[in-house]
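User: I'd like to go through the reasoning behind a few labels on this model. Can you pull it up?

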Amino acid sequence: MIQLKNAQELAKMRRACQISAEALKLGGRSIEAGMTTADLDKIIYDYIKRHGARPNFKGLYGFPGTACISINDEVIHGLPSHSRQIRPGDIVSIDTGAAINGFNGDNACTFPCGKVDIEAQRLMDVTKESLHRGIAAAVAGNRVGDIGHAVQSYVEENGFSVVRSFVGHGVGKELHEDPEVPNYGHAGHGVRLVNGMTIAIEPMVNQKHHSVKTLSDGWTVVTADGGLAAHFEHSIAILPGGPEILTIGWEEP
């Protein structure tokens, strides 16, 4: 069931999303060669706790970390590890969120570790732009398929592919709510968007084919062909004046 939010609920959700965005931004700024993904996870955990919120990924479905930290060919759900070092030229996807006052925030961004090659940068740029194209389509009266079509068409025009095995979702009192929000689809199809809906749009884009597989750790999802992957996500609210990005903070300079 889709949960619509009133003005008071949205105010609480904005706070959760603000902390989520600030934690993600700090994580990105903290990336440096030689640090482990567990080091990075601890930085994000400490920030969320320091601001009175709860790391909402930690323990969810048994996930052990505060953030999913996925490097290079890892698409999503990378496990923080004391043995996994970040190296120069890596692209590092951080997906994290915070809960406070009964509401959740959720966001993701792929960050470079130093200078990355041209194709890796283009993959990140295209994925980020596809997120904003999806957000632009998230207006009352449109349908979920309009979001997916906007994302998919832009990604494929640029020679990349959209992951189909994992999708965006509603977000609010629960981290994962209805409806599902695929990053592919047909315009004019799917659930109709109405004011008060809050959703997480999160393109997961592969350099090569869209196929993915899950590693033996049961969590880490990688590209099936070893190509790079990027992941960007915002939590948004659908409002009469258009979509409001609730997790805008990680994009601020």
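User: What makes the span of helix 1 (residues 7–30) agree with its number of residues?

Analyst: First, a caveat: this is a predicted model, where local features need pLDDT of at least 70, side-chain atom pairs count only at pLDDT 80 or more, and totals for chains, interfaces and linings use all residues. Residues are numbered from 1 along each chain as its sequence is written, and side-chain values use heavy atoms, leaving out hydrogens and water. Now, helices are DSSP runs of H or I, at least four residues, and strands are runs of E, at least two, numbered from the N terminus. The expected span is 1.5 Å times one less than the number of residues, so the 24 residues of helix 1 should cover 34 Å, and its end C-alpha atoms are indeed 34 Å apart.

User: Which residue caps the N-terminal end of helix 1?

Analyst: That's Asn 6, with a side-chain oxygen 3.1 Å from the backbone nitrogen of Gln 8.

User: How do you know that Cys 109 isn't bonded to Cys 113?

Analyst: A disulfide needs two cysteine sulfur atoms within 2.5 Å. The closest cysteine sulfur to that of Cys 109 is in Cys 113, 14 Å away, so it's too far for a bond. The structure holds zero disulfides.

User: Why is Cys 109 called buried?

Analyst: Buried means under 20% relative accessible area (exposed is over 50%, partly exposed in between; 1.4 Å probe, protein chains only). Cys 109 has 5% relative accessibility, so it counts as buried. Cys 113 is buried too, at 5%.

User: What does Ile 245 touch, leaving out residues up to four places away in sequence?

Analyst: Contact means heavy atoms within 4.5 Å. Ile 245, in strand 17 (residues 242–245), touches His 132, Ile 135, His 234, Ser 235 and Ile 236.

How values were computed:
Polar contact = N/O pair within 3.5 Å; in protein donor to acceptor, adjacent residues only side chain to side chain.
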